[in-house]
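Please open the model in your viewer and keep the selection panel at hand. The stops below are meant to be followed in order.

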Amino acid sequence: MPRNLIELRHLRCFVGIARERTITRAAEALHISQPALSRTLQELEEELGQPLINRRKPLTLTPKGELLLKRTTDLLEFFEHICTEVSAAEEELNGTITIAAGESPAVDFLASCFFKLQQRHPKISFSIVSGNEDTVADALASGLCDFGVFIGSPKSLEYERLQLPHFDTWGLIVPCDHPLAAKNAVTAADFAGLELILSNQAWRNNEFTGWLGRVRDKVKITGSYNLPYNGYVFAKNRGCPMLALKDLVQINAGDKMCFIPLSPELKVDTTLVWQSAVYSSPLSQAFLNMVKDNLPRQEL
């Protein structure tokens with residue numbers, strides 16, 4: 001079977017088997033006979049030249065099967081997304097806006113814009129993919145999201161971009177009985193010799209280099225985090241200071257932790273981006289227009 005004859009039915013059957021872990025249940029779920037399902041799987045394996053399923057019970061995926069499942073799941077979701085948009089009536093918006101975003105209060109603005117659009121077009125929905133800069137960039141590059149939100153300016157010049165009306169502010173979360181907790185603000189000098197949990201992305205991108213100055217090399221890094229909530233759990237458990245953006249984690253009274261701003265203030269902007277070379281669907285364009293309409297004039 002020539003490779004260009006691999007059909008969606010091959011991929012859907014493979015995903016069905018991977019999810020159900022038995023040919024019998026997969027055939028029932030896909031509404032086809034067991035022999036037909038087994039034959040379809042065999043065709044796919046012969047074409048790819050790789051076994052995808054370990055056939056001893058219970059069925060398990062081979063390493064190549066695991067890889068194919070991940071890629072195929074993304075592909076089928078993308079295909080369904082396209083079909084929904086194309087099949088919608090010309091005057092009616094339908095489908096899903098997918099946004100890959102670093103965690104930031106700026107997402108609140110985008111949520112407000114989405115629900116204003118949804119009031120006009122009730123059939124639309126949203127999907128949020130949370131992650132750091134690498135996750136957002138990968139989702140944009142693979143076409144698995146319509147928009148990305150970067151904390152700070154994106155590095156790639158391939159993106160169209162729009163600065164959002166929100167600045168994230170860095171500060172230090174410390175135990176309430178920590179010596180720094182009594183201060184109204186912390187300075188770079190306070191970081192000398194300080195054990196610290198911080199954002200690996202921000203540290204890697206040298207976001208603190210200018211602010212810390214010579215003290216940067218005197219910081220004792222206890223650990224790092226990708227997304228802040230889990231980092232906060234470790235900080236609270238260890239009683240260790242944590243560099244974090246304001247309002248990204250909910251600090252409860254029982255946590256006995258507090259947020260202290262930096263002095264001088266260290267802010268970072270948030271940017272909405274999308275692929276300039278990729279076709280913009282009517283839904284994506286409508287969402288972008290809604291965002292622009294709700295921006296303060298100086299942001300346009």
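Begin by selecting Glu 20, which in this predicted model counts as partly exposed at 26% relative accessibility. Add Arg 25, whose side chain meets that of Glu 20 in a salt bridge with an N to O distance of 3.6 Å; Arg 25 counts as partly exposed as well, at 43% relative accessibility. This pair belongs to a structure that holds nine salt bridges.

For a further salt bridge, select Arg 204 and Glu 133, where the closest N and O atoms are 4.0 Å apart. Because Arg 204 lies in helix α7 and Glu 133 in helix α6 (residues 133–142), the pair ties together parts that are 71 residues apart in sequence. Which of the two, Arg 204 or Glu 133, is buried, and which is partly exposed? Arg 204 is partly exposed, with a relative accessible area of 44%, whereas Glu 133 is buried, with a relative accessible area of 11%.

Next, move to Lys 236 and Asp 255, which form a salt bridge whose closest N and O atoms are 3.5 Å apart. Lys 236 lies in helix α9 and Asp 255 in the loop between β9 and β10, so this pair ties together parts that are 19 residues apart in sequence. With a relative accessible area of 35%, Lys 236 is partly exposed, while Asp 255, at 15%, is buried. Before leaving the charged residues, add Asp 134 to the earlier selection, since salt bridges that share partners join Glu 133, Asp 134 and Arg 204 into one network.

Now select strand β9 (residues 242–245) and look at its side chains: Met 242 and Ala 244 point one way, Leu 243 and Leu 245 point the other way, and all of them are buried. In a regular strand the side chains alternate between the two faces of the sheet. Show strand β6 (residues 159–175) beside it, which pairs with β9 in the antiparallel sense over four bridges; within β9, Leu 245 is the bridge partner of Trp 170.

Keep Trp 170 selected and add Leu 172 and Phe 191, because these three touch the most other members of the largest nonpolar core, a set of 35 residues. Elements that each supply at least two residues of this core include β6, β9, α7 (200–204), α9 (228–238) and β10 (257–261). Apart from that core lies another, of 24 residues, and as a last selection you can show some of its members, among them Ala 106, Phe 114, Leu 162 and Leu 288.

Terms used: Residues are numbered from 1 along each chain as its sequence is written. This is a predicted model: local features need pLDDT of at least 70, side-chain atom pairs count only at pLDDT 80 or more; totals for chains, interfaces and linings use all residues. Side-chain values use heavy atoms; hydrogens and water are left out. Buried means under 20% relative accessible area, exposed over 50%, partly exposed in between (1.4 Å probe, protein chains only). Two strands pair if DSSP finds at least two bridges between them. A nonpolar core is a set of buried Ala, Val, Leu, Ile, Met, Phe, Trp, Tyr and Cys residues joined through side-chain atoms within 4.5 Å.
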